[in-house]
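Reader: I would like to go through this model with you, one question at a time. Please show the sequence and structure before we begin.

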Amino acid sequence: MLFPYQIKSEEAYHQAYKQSIENPPAFWSAIAEHFTWKKKWDDVLTWNFSEPNVQWFKGAQLNITENLLDRHLPTKAHSPAIIWEPNDPEEHHRVITYQKLYEKVCQFAHVLNNNGIKKGDRVCIYMGMIPELAIAVLACARIGAIHSVVFGGFSAQSIADRLYDAQAEYIVTCDGAYRGQKDIPLKSVIDDALIGNRTVKKVIVCTRTRTPVSMLKGRDVWWEDELKKVETLGLHDFPAVAMDAEDPLFILYTSGSTGKPKGVVHTVAGYMLYTHYSFINVFQYQPEQIHFCTADIGWITGHSYIIYGPLSAGATTLIFEGVPTWPDAGRFWEIVDKYRVDILYTAPTAIRSLMGFGLGPLHGKSLASLKVLGTVGEPINEEAWHWYNEQVGKKRCPIVDTWWQTETGGILISNLAGITPSKPSWATLPLPGVQPILVDEKGEEILGNNVSGNLCIKTPWPSVLRTTYGDHERCRTNYFATYPNLYFTGDGAMRDENGFYRITGRVDDVLNVSGHRIGTAEVENAINMHAGVVESAVVGYPHDIKGQGIYAFVIYSGAHGDETLSRKDILTTVTRIIGAIAKPDKIQFVSVLPKTRSGKIMRRILRKIAEGETENIGDTSTLLDPSVVEEIKRGKL
Ligand code: PRX
C-alpha cells in the first residue's frame, strides 16, 4: 500500500488517535520512516510551551523538495504534478509533469543561486497564480532560502512592512497578474514598495501580462533571461541543499489583534510530515486523483494544500489563476468537469457567493468526477453546507469541514472524508496527534461534553509555528502566555455529546472577512492615516456572503463636508495602506466614541450596535458619557 498510515475506518481512526497521544514519538517517527532523509534524527520530539521551544526530528537532515519531487520520479515522472487553468478560459491550460516540474524547479534554483541567493536568505514572492509561483516557492526550498509569499492583493505599504520585518534581500514577482477582468500591475506595486528600501538587492520579474514595467539597472532582471543562461548551459539538476529538520522553510505574515502582521515561521521536517499526513487522511487522497484547492498560494491554505501536501503525496494539484465568478459564476463547475476533479476544497464565502447566483450556473455541469468536498477558513453555516452537499456533491460526496490556522500549518480538527462522521457546521474530531481542550477565562480546563470555551491545544503537533520572525517574545505572548503551557488559538469552540468540536469564531480582535484574517487594530491604523480622521474604532458584523463585514466608526474633521467623498477618501487610504481586502463595508461618522473613564474604547458596545442590536447594548455605566450610545445608535448604517 502506498500510504500504510492512511486511516481507512472509524475504528482505525480511534486507534491511530490513541497511539498518537500515548506515544507521539513512536507514532510520528513511524510515518517519518516513509520519507527521504539525508540523515535520520537523534530525537523525535523535545518541547516546552513556556519559551516556547518545540523541536521535531532534531539532528535530522533533509530537503523537502526531494520528498516532493525527486522521490516521485521513478514512478511518476510522466504523471501530472500541476494542472494550470488560466484566468481566461480561451487561453491554453498547462500540464506540468513531475519530471518537468523537477527540471523547472532545479533550473530556477540555479537562477536564484546565480543571483546570489543562498541558504537562509529571505525571498519575498509577490506573484499571481501561475505555475511559476509554485516553481519559485519550491526553488527557494531547494536551495534552503526562506520564502515569504505575499498575497497579490496586498498594497505596496504592506509589502514594504513585510520586506523590512523579514530583512528580505530578494524579490520574485511578475509584470502583472490577471484576476477576472482586472490586470494587477504587480511589478509597479513592488517598485512603490521599494522606494527608500536599501536592503533589496535583486528583483526577478516573470512575464505574464506584458504590462509595461520599468526595470532598474543592476537590481531588476527578467526571469526568462536568467533562465536562458541556465538552459544554454544545459543544466537540469540542482543538488538539493541539506537542511536541518528545524531550519525555517518559510515565513507567512498573518494578522493578530494588535499591531502589524506577524511573520509566522514554519520549519522543514515537521511541516512536511504534517501537511502530508493531514492531506492524505482528511481528503482520503487516492493515487491519480486531481485535487483542486481554490485558495490563493499567498495564504496558508495554498501553501499547505496546493503545494506542499498534494505534491508530497505525488498528487495532481490544480492551480487556478482566476476568480469563481468570471466569466460567469459557473467557472468552478466548468473546471471540475474539464479536468475531472476528484477533490474540491474551497471557502464557505465562495460557496455562499455562488449560491447567490442560483442554480443556473450549475445547469449542464455533470460534477460526476467529484468524490470529496472540503471547506476551510471560517465557520460554514448550515444553509451553505446543505447547498454544497446537494447541488455540488449531489449527496454522494463527504464534506470535510477543516479547522486550522496559519500558525498550525495544517488541518487540526476535521472529519476524515467518508471515514469519520460529519455534522453540518461542525469541524468534529481532532486529527491524530492533536489534543484540543476548552478553557474558561481563568485558564481552567472545561471538562465534559455539551460545553463551550476558549480553544487551546495541549501538546505540540509537528507543524506548530516555531516562532514569529525576528521576535520570539511576540510568539510567546501571542500564543503561549494567555494560558500557561497551552497553545491558545484565539478561537472559541463548543464540544457536543460526541466530543465533536464546533468553532464559533475569534474571541480576540481579529476579523474573518471572506475567510481572510484582518486585525481591527490594523484597519484602524490605516483609517487613522487619513489626514481628516481624528479617531476610529473598527468592529465586525455578520455579513451574508463575507461571513463578517468591517464596520468602522470614524470621528472625522476633513475639509470637505461631503460624506460620500470622505468615505471614498478613507477607502482609498485603507487600500493604499493594507490592500482592498481590508476596506470597511460601512463607515459611520460619529462625533464621539464610547469610552471608559480611563479612555478605553468600549468595543463591546460598538459591536452590538454594528450587529443591529438596539435594546441589549449591555452595561454602559462605566462609560464616561453614556449618552453617546444613543447618538451612535441613531446614526447606524
Ligand atoms: O477563526 C478560525 C478560522 O480562521 C482562522 C485562521 O485564519 P488563517 O490563519 O487565515 O487560516 C485560514 C485557513 C486555515 C481560525 O482562527 N477558521 C479556519 N477554519 C475554520 C475556521 N473557523 C471555523 N471553521 C473552520 N473550518
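Reader: In which loop does proline 52 lie?

Author: This is a predicted model, in which local features need pLDDT of at least 70 and side-chain atom pairs count only at pLDDT 80 or more, whereas totals for chains, interfaces and linings use all residues. Residues are numbered from 1 along each chain as its sequence is written, and side-chain values use heavy atoms, with hydrogens and water left out. The peptide bond from glutamate 51 to proline 52 is cis, with omega near -5 degrees. With helices (H or I, at least four residues) and strands (E, at least two) taken as DSSP runs numbered from the N terminus, proline 52 lies in the loop between strand E1 (43-48) and strand E2 (53-58).

Reader: Which residue is joined to proline 327 by a cis peptide bond?

Author: Proline 327 is found in the loop between strand E17 (316-320) and helix H12 (331-339). Most peptide bonds are trans. Here, with omega about -5 degrees, the residue joined to proline 327 by a cis bond is tryptophan 326.

Reader: How do helix H2 and helix H10 pack, parallel or perpendicular?

Author: Two packed helices are described by the angle between their axes and the distance between the axes. For H2 (residues 24-32) and H10 (residues 268-282) the angle is about 85 degrees and the axes are 11 Å apart, the axes being lines fitted to C-alpha atoms over the stretch in contact and the angles running from 0 to 180 degrees between N-to-C directions. Angles under 35 degrees count as roughly parallel, over 145 as roughly antiparallel, 65 to 115 as roughly perpendicular and the rest as oblique. H2 and H10 are therefore roughly perpendicular.

Reader: Which residues of H10 are met by Phe27, Trp28, Ile31 and Ala32 in H2?

Author: Contact here means heavy atoms within 4.5 Å. By that criterion, the four named residues of H2 meet Leu273, Tyr274 and Tyr277 in H10.

Reader: Which residue has a side-chain N or O atom 2.6 Å from an oxygen atom of the ligand?

Author: The ligand is surrounded by 17 residues, the closest being Asp401, Thr402, Thr406, Asp491 and Arg517, where a residue is near a molecule if one of its heavy atoms lies within 4 Å of it. An oxygen atom of the ligand is 2.8 Å from an N or O atom in the side chain of arginine 517. At 2.6 Å from an oxygen atom of the ligand, the side-chain N or O atom belongs to threonine 406.

Note on methods
Polar contact = N/O pair within 3.5 Å; in protein donor to acceptor, adjacent residues only side chain to side chain.
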